[in-house]
Amino acid sequence: MIYCVSGPIRVSAGLWGSAPSRPTTNQSRRRCQGVTVEEPGQEVTSGEADDDYESAEQLGAELVTLSLLPGSRWKSLLHLDVIKRRNKPVAPPAAPAAAPFFLPTVPGLTPRFSSPTATQQETQSKVLTWGSLTQRSEFSSALESALQSGSFDRPLRLLKDCGPAALSVELTCLSSEGGGASSLLLAFIHMIDSMLASGRDFDLAHAYLALFLKLHLRLLSQDSVAMAALLCLSSRLEAGWAELRASFDQSLCLLSYAKSALL
């Protein structure tokens, strides 16, 4: 049986638009307590319908926040040597065929070859000076300045932009053997400690710390200042995991109670 309805049909635009995700306030709750009548001709603007709420970077000091980087950027940091060995070519690369080359000539009727000048010979020298060998990367310079200022946002941002191989190179160059210094190793430990204290980038902090200890653990064991900083970092790690374990146990307890109550 089909029923036909004559006359205009009024449809609320809120049923077809996207629901706003902005949290409710006390003023909006007081408005919802009474019954409001929609005035004729009132329309919902697209700005009100598409009002998306942007969450804060950190909801609470007792919570931890994961980074938005894909897992391929930090999950394979401890297995870079295995990946390089697996991707190593079986056969050595074949030498390319001899390509044609052109010698510079002097313009004129008689073809003559031009000899490089003294300035060109100096610029084309393959001998590297000691100053060029001791230059530090942008991350090392930012990490050294962050140790004095106490803000590690810029070096952390530079690490997030690096791929797994580039990040491994940056951490390798922190030691004195790679052109760094012991102060850079201490600054990196303080950077991880600040990340754990803020609760942000929880996954990156553990991945970066694991690769850092894999590369420099033997060197750090000979430095008393670095070992003291690592002991403080270890206590912070244990306290953070204890809080997370308590939260997980509480959530599992509530979930099991809800399942048993429904049955």
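Begin with the whole chain in view: the protein has 11 helices and two strands, and this is a predicted model. If you colour the elements from the N terminus on, they run α-α-α-β-β-α-α-α-α-α-α-α-α. Of the 263 residues of the protein, 19% count as buried, and among the contacts with a separation of 6 or more, 70% are accounted for by residues 24 or more positions apart.

Next, select helix H7, residues 153-161, and show its side chains; Pro155, Leu156, Leu158 and Leu159 are buried there. These residues lie on the same side of H7, because they cover an arc of only 160 degrees around the axis. To see what covers the buried residues of H7, add helix H6 (138-149), helix H8 (164-172), H9 and H10, which are included in that cover.

Now keep two of those elements, helix H9 (residues 182-198) and helix H10 (residues 202-220), whose axes come within 10 Å and cross at roughly 155 degrees. H9 is therefore roughly antiparallel to H10, since an angle over 145 degrees counts as such. The crossing of H9 and H10 is left-handed.

Finally, display the side chains between this pair. From H9, select Leu185, Phe188, Ile189, Ile192, Met195 and Leu196, which meet Phe202, Leu204, Ala205, His206, Tyr208, Leu209, Phe212, His216, Leu219 and Leu220 in H10. Coloured by residue class, the residues of this contact of H9 with H10 divide into 14 nonpolar, two polar and no charged.

Technical notes
Residues are numbered from 1 along each chain as its sequence is written. This is a predicted model: local features need pLDDT of at least 70, side-chain atom pairs count only at pLDDT 80 or more; totals for chains, interfaces and linings use all residues. Side-chain values use heavy atoms; hydrogens and water are left out. Axes are lines fitted to C-alpha atoms, for helices over the stretch in contact, and angles run from 0 to 180 degrees between N-to-C directions. Helices (H or I, at least four residues) and strands (E, at least two) are DSSP runs, numbered from the N terminus. Angles under 35 degrees count as roughly parallel, over 145 as roughly antiparallel, 65 to 115 as roughly perpendicular and the rest as oblique. A crossing is left-handed if the near helix is turned anticlockwise from the far one by less than a right angle, and right-handed if clockwise. Contact means heavy atoms within 4.5 Å. Ala, Val, Leu, Ile, Met, Phe, Trp, Tyr, Cys and Pro count as nonpolar, Asp, Glu, Lys and Arg as charged, and the others, Gly among them, as polar. Buried means under 20% relative accessible area, exposed over 50%, partly exposed in between (1.4 Å probe, protein chains only). The arc is that of the directions from the helix axis to the C-beta atoms.
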